[in-house]
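Work through the following exercises with the sequence and the model side by side. Try each task before you read its solution.

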Amino acid sequence: MSPTTQPPKWVFASVLLLPLSVLPHALSQTQAMPDNSANNRAQNQSQTADQQKDNAADRTMTAKIRHALVSDHSLSKYAHNVKVIVSGGAVTLMGPVHSAAEKQSVVAKAETIAGQDKVTDQLTVKQ
């Protein structure tokens, strides 16, 4: 091919269509998201975050605990995403964390906000 000769038009079309041929495979990889809902129900069938009472004090306490967890950048994504359920001022923490030290840190943050005798620890250390 000389410097003035252009490649055939099909070359441009194949380059443009290549990402479309990869798209179905990429979508199939992202559709199988992990779902631990069954595990959550098995841990404690009576309490889930969507059943939390809708009163201002419980919502405020939940928000304070959630903010304390998320703003601590030393905690893992697991710890940032633990379930915080507040009902009548009583806090239940559920979900996996990476280590016993991280578990202790999450519980301590909740106890600082809610009170030491108001926190139920149902956290698990991920293996």
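The exercises below concern a predicted model, and they go from helix packing to the sheet and then to salt bridges.

**Exercise 1. Describe how helix α3 and helix α5 pack against each other.**

Solution. Begin with the general idea that two packed helices are described by the angle between their axes and the distance between the axes. For α3 (residues 56-70) and α5 (residues 100-114), the axes come within 9 Å and cross at roughly 145°, and the crossing is right-handed. Next, find the residues that make the contact: on α3 they are M61, K64, I65, A68 and L69, while α5 contributes V106, K109, A110, I113 and A114. Finally, sort these residues by character, which gives 8 nonpolar, no polar and 2 charged.

**Exercise 2. Work out the strand order of the open sheet, and place the helices on it.**

Solution. The sheet has 3 strands in the order β1-β2-β3, and the pairing is mixed. The edge strands, each pairing on one side only, are β1 (83-87) and β3 (119-125). Look then at β1 and β2 (residues 90-97), which run antiparallel and are joined by 5 bridges; within this pair of strands, S87 has A90 of β2 as its bridge partner. From one strand to the next, the twist averages 10°. To place the helices, note that α3 lies across β1 and β2 and runs at about 155° to β1, whereas α5 lies across β2 and β3 and runs at about 160° to β3.

**Exercise 3. Decide whether S76 is buried or exposed, and name its contacts.**

Solution. First locate S76, which is in the loop between α3 and α4 (77-80). Its relative accessible area is 15%, and since buried means under 20%, S76 counts as buried. If neighbours within four places in sequence are left aside, S76 is in contact with H98 and E102.

**Exercise 4. Which residue forms a salt bridge with K109, and which with D121?**

Solution. The count comes to 2 salt bridges. In one of them K109 is paired with D72, with the closest N and O atoms 3.0 Å apart. Because K109 lies in helix α5 and D72 in the loop between α3 and α4, this pair ties together parts that are 37 residues apart in sequence. K109 is partly exposed at 21% relative accessible area, whereas D72 is buried at 17%. D121 forms a salt bridge with K103, the closest N and O atoms being 3.7 Å apart. Here D121 lies in strand β3 and K103 in helix α5, so the parts tied together are 18 residues apart in sequence. D121 is partly exposed at 35% relative accessibility, and K103 is partly exposed at 23%.

Terms used:
Residues are numbered from 1 along each chain as its sequence is written. This is a predicted model: local features need pLDDT of at least 70, side-chain atom pairs count only at pLDDT 80 or more; totals for chains, interfaces and linings use all residues. Side-chain values use heavy atoms; hydrogens and water are left out. Axes are lines fitted to C-alpha atoms, for helices over the stretch in contact, and angles run from 0 to 180 degrees between N-to-C directions. Helices (H or I, at least four residues) and strands (E, at least two) are DSSP runs, numbered from the N terminus. A crossing is left-handed if the near helix is turned anticlockwise from the far one by less than a right angle, and right-handed if clockwise. Contact means heavy atoms within 4.5 Å. Ala, Val, Leu, Ile, Met, Phe, Trp, Tyr, Cys and Pro count as nonpolar, Asp, Glu, Lys and Arg as charged, and the others, Gly among them, as polar. Two strands pair if DSSP finds at least two bridges between them. Buried means under 20% relative accessible area, exposed over 50%, partly exposed in between (1.4 Å probe, protein chains only). A salt bridge is a side-chain nitrogen of Lys or Arg within 4 Å of a carboxyl oxygen of Asp or Glu.
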